[in-house]
Amino acid sequence: MNFFKFIPILFLMILWPNESFARDIFGGFFLEPAITYELGDSKISYPSPLSNSTGDIQGFGVGGRVGLHLADILFFGLDGRYSMPRFKDSSVNYESSSTAWNWGPVIGVQMPDLGLRGWGTAVVGGEIDPEASGSFDARFADATGFRLGVGFRVMSFSLNLEYQQLDYGDAILEQAGPFTPGTNFDSVDLENRSWIASVSFPLEF
């Protein structure tokens with residue numbers, strides 16, 4: 001008889017009755033709403049006769065993470081953001097308010113005793129939709145990229161700083177000179193690189 005195969009079973013029999021140990025190991029659910037401020041730049045490649053351009057994206061937003069945590073050290077789930085940044089673009093003198101959203105899976109680690117935290121999000125969807133400015137109106141969709149963050153948790157809130165890199169692979173020119181309204185350009189790319197400061201409120205269940 002192979003005694004070693006019974007070791008895991010024996011281990012569980014000893015520890016399972018200890019409810020506090022089981023709770024600490026297996027963790028539970030978490031919810032983390034946040035208030036964000038984004039400061040970033042952008043680069044857009046337009047079709048002819050429009051020229052490529054640069055600009056910036058900045059403004060306030062909200063966000064949230066929801067998922068599971070393990071032993072208060074590892075957490076994973078979904079990360080979603082919604083913001084209303086100011087959108088500026090140089091080539092067509094485009095400046096307007098906009099709405100933006102994105103989402104993706106997130107995984108992170110934290111040190112409960114010190115309050116230090118770190119995480120990464122793989123953005124798999126999203127768009128930014130600036131309002132019309134003059135004779136130009138565009139919407140950028142199919143966002144992909146990543147977001148990396150660090151934070152410091154104090155009591156019931158966390159101070160965070162993130163770096164975000166997104167590429168929007170689809171553009172809908174709803175109004176742009178000679179182009180037909182609603183024209184879709186798969187070849188138009190919007191690249192966004194931003195720093196995001198936030199205050200979040202981790203809740204564990």
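Let me start inside the protein, with the largest cavity, which is lined by 18 residues, and of these E38, R81, S83, N102 and Q164 lie nearest its centre. Please keep in mind throughout that what you have in front of you is a predicted model.

The volume of this largest cavity is about 150 Å³, and the search of the whole structure that found it returned three cavities of 30 Å³ or more. If we sort the residues of the lining of the largest cavity by character, we get ten nonpolar, five polar and three charged. Which strands supply at least two residues each to that lining? They are β1 (28-45), β2 (53-70), β3 (74-83), β5 (94-111), β9 (157-176) and β11 (189-200).

That brings me to the chain as a whole, which has two helices and twelve strands, and in which, reading from the N terminus, the two helices come before the run of strands. Among contacts with a separation of 6 or more, 64% join residues that are 24 or more positions apart. Of the 205 residues, 40% count as buried, while the accessible surface of the chain comes to about 11300 Å², with 67% of it belonging to carbon and sulfur atoms.

Now, how far does the predictor's confidence carry us? The average pLDDT of the protein chain is 83, and 77% of the residues score at least 70. Among the elements, strand β6 (residues 116-123) has the highest mean pLDDT, at 97, whereas helix α1 (residues 7-15) has the lowest, at 47. Over residues 3-8 the pLDDT stays under 50, and for that stretch the model has one contact beyond four places in sequence.

Let me finish with a single residue, F76, whose place is in strand β3, one of the strands that each supply at least two residues to the lining of the largest cavity. Is F76 buried, exposed or partly exposed? Its relative accessibility is 36%, and therefore F76 counts as partly exposed. Once its neighbours within four places in sequence are left aside, F76 is in contact with F30, V66, G67, L68, V106 and I107. As for T121, that residue is 45 residues away from F76 in sequence, and the distance between the two in space, C-alpha to C-alpha, is 9.6 Å.

Conventions:
Residues are numbered from 1 along each chain as its sequence is written. This is a predicted model: local features need pLDDT of at least 70, side-chain atom pairs count only at pLDDT 80 or more; totals for chains, interfaces and linings use all residues. Side-chain values use heavy atoms; hydrogens and water are left out. pLDDT is the predictor's confidence in each residue, from 0 to 100. Helices (H or I, at least four residues) and strands (E, at least two) are DSSP runs, numbered from the N terminus. Contact means heavy atoms within 4.5 Å. On a 1 Å grid over the protein atoms alone, a cavity is a set of points where a 1.4 Å probe fits but cannot get out, and a pocket is an open set with protein on both sides within 12 Å along at least five of seven lines; lining residues have an atom within 4 Å of a point. Grid points are joined across faces, edges and corners, and a volume is the space filled by probe spheres set on the points. Ala, Val, Leu, Ile, Met, Phe, Trp, Tyr, Cys and Pro count as nonpolar, Asp, Glu, Lys and Arg as charged, and the others, Gly among them, as polar. Buried means under 20% relative accessible area, exposed over 50%, partly exposed in between (1.4 Å probe, protein chains only). Accessible areas come from the Shrake-Rupley method with a 1.4 Å probe; for residues, only the protein chains shown count as cover.
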